[in-house]
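Biologist: Could you walk me through one part of this model in detail, and then work outwards from there? I'd like the numbers and cut-offs as you go.

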Amino acid sequence: MRQVHALGLDLRDGLHGRGVGTAAKRLRRMLGVDGIVLADLDGSVSSHGRKLSADEVQAVLSQVFEYGGCARTRLSDGAELYACPLTVADELSGALLATGDPAEADVEAAASLVSDCLDHAALRRARARIASANLRTLRAQISPHFVHNALAVISALVRTDPDRARHLLSDFADYLRYGFSEKGDYATVADELEAVQTYLELQRARFHDRLDITVRMAPEVLPVAIPFLVVQPIVENAVRHGLERKEGRGHIGVSGFGEGPLCVIEIEDDGVGMHPDLARSLLAGTGPEAQGVGLANVDQRLRAVYGPEYGLVIETGLGEGTKVTVRIPRFMRGVVAQ
């Protein structure tokens with residue numbers, strides 16, 4: 001099992017990653033053969049042990065790729081060569097070649113194992129591309145509604161309360177600087193919290209201080225890395241679609257704490273709420289576009305980074321407010337704040 005895990009790490013970047021040479025060496029040791037070749041559809045990518053000529057590799061690859069199955073041949077010096085196809089997402093992507101009287105069943109099992117590793121690597125890369133693309137989309141959609149209202153509030157305060165207007169303008173600049181930052185795909189919970197607090201202070205001014213804010217974040221989750229712009233869009237959704245439509249005072253709470261290996265962040269408001277069916281449609285990306293883009297985008301990015309079990313959870317009802325919960329692993333390979 002340890003060897004299987006190690007092989008997965010060797011191939012985490014695919015056949016053309018930095019670990020492919022180590023993977024070939026590991027496979028040779030696992031199979032006890034004279035030589036191993038890992039090939040893509042264009043030919044040899046990496047080998048260990050006995051060297052094969054380009055003609056010898058191409059001769060057996062043509063059989064594997066033409067017929068889609070394993071092929072055995074004898075080399076000029078009498079050595080046996082056995083090759084089996086490698087597949088990614090059920091598509092032919094290369095072959096594993098073993099020389100030196102290899103056991104067919106062992107080579108076939110090894111080829112299946114390599115295919116699984118490559119499949120997982122391709123899935124991780126696809127998830128990363130989805131998350132990155134959705135982040136670019138979210139950056140491009142930082143709410144013009146909020147920008148307009150924030151500037152209007154600051155403008156109104158310039159004459160009546162210039163000191164507060166100056167502080168809010170500085171907050172607004174910090175918020176935009178964070179929102180359009182290109183430093184990476186991940187930030188710490190502390191960074192996200194700072195951006196959220198800046199956003200809420202701007203909204204408090206807009207609501208003429210009718211907005212009560214509670215922020216409670218356990219120290220152990222502050223350094224946890226989290227996908228960039230996860231918390232703020234949820235908070236913005238709570239303000240726009242929960243509290244803007246409520247008469248009188250409103251409250252929004254942001255809390256975070258550790259739950260075993262998980263980091264849990266909860267955003268709760270006492271606004272107008274929504275029908276649970278609408279909440280489900282928003283997460284599915286089929287709800288009203290103006291409401292759904294933030295939540296659907298965040299939900300998709302969380303699932304792309306951590307897996308399908310780590311999307312948003314929404315608890316809501318008409319007139320009952322809304323609570324959105326984010327649960328993510330506190331530590332995960334590749335998720336590092338920059």
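Modeller: Let's start with V239, which touches Y199, L200, Q203, F207, E244 and I252 once neighbours within four places in sequence are set aside; contact here means heavy atoms within 4.5 Å. Bear in mind that this is a predicted model, where local features need pLDDT of at least 70, side-chain atom pairs count only at pLDDT 80 or more, and totals for chains, interfaces and linings use all residues. Residues are numbered from 1 along each chain as its sequence is written, and side-chain values use heavy atoms, with hydrogens and water left out.

V239 sits in helix α8. Helices are DSSP runs of H or I with at least four residues, strands are runs of E with at least two, and both are numbered from the N terminus. V239 is buried, at 0% relative accessible area; buried is under 20%, exposed is over 50%, and partly exposed lies in between, using a 1.4 Å probe and protein chains only.

The rest of α8 follows suit, with twelve of its 13 residues buried. Among them are V231, I234, V235, V239 and L243, but also Q232, E236, N237 and H241. The helix geometry checks out too: the 13 residues of α8 (231–243) should span 18 Å at 1.5 Å a residue, and the end C-alpha atoms are 17 Å apart, which agrees. That expected span is 1.5 Å times one less than the number of residues.

Moving outwards, the C-alpha atom of V239 is 10.0 Å from that of D270, and the two residues are 31 apart along the chain. D270 has a salt bridge to K246, 3.1 Å from N to O; the rule is a side-chain nitrogen of Lys or Arg within 4 Å of a carboxyl oxygen of Asp or Glu. K246 is in the loop between α8 and β9 (250–259) and D270 in the loop between β10 (262–269) and α9 (276–284), so this pair ties together parts 24 residues apart in sequence. Both partners are partly exposed, D270 at 33% and K246 at 24%.

Go on into α9 and you meet another salt bridge, between R280 and D277, with the closest N and O atoms 2.1 Å apart. These two are three residues apart in the helix, about one turn. R280 is exposed at 53%, while D277 is partly exposed at 44%.

The whole structure has 13 salt bridges. One of them joins E80 and R74 at 2.4 Å, N to O, and it pairs a buried residue, E80 at 14%, with an exposed one, R74 at 54%. R74 and E80 also belong to a salt-bridge network with R72 and E104.

That brings us to the sheet. Five strands make an open, antiparallel sheet in the order β2-β1-β5-β4-β3, where two strands pair if DSSP finds at least two bridges between them. β2 (43–49) and β3 are the edge strands with a single partner each, so one side of each has no neighbour in the sheet. From one strand to the next, the twist averages 20°. Inside the sheet, β1 (35–40) and β5 (91–99) pair over six bridges, with L38 opposite L96 of β5. Helix α3 lies across β1, β2, β3, β4 and β5 and runs at about 135° to β5; axes are lines fitted to C-alpha atoms, for helices over the stretch in contact, with angles from 0 to 180 degrees between N-to-C directions.

Last stop, the cysteines. C70 and C84 form a disulfide with sulfurs 2.2 Å apart, under a cut-off of 2.5 Å between cysteine sulfur atoms. The count by this rule is one. The link is right-handed, with 115° about the S-S bond. C70 comes from the loop between α3 (54–67) and β3 (71–74) and C84 from strand β4 (80–88), so the link ties together parts 14 residues apart in sequence. C70 is partly exposed at 35%, whereas C84 is buried at 1%. As for C117 and C263, C117 is buried at 9%, and C263 is buried at 0%.
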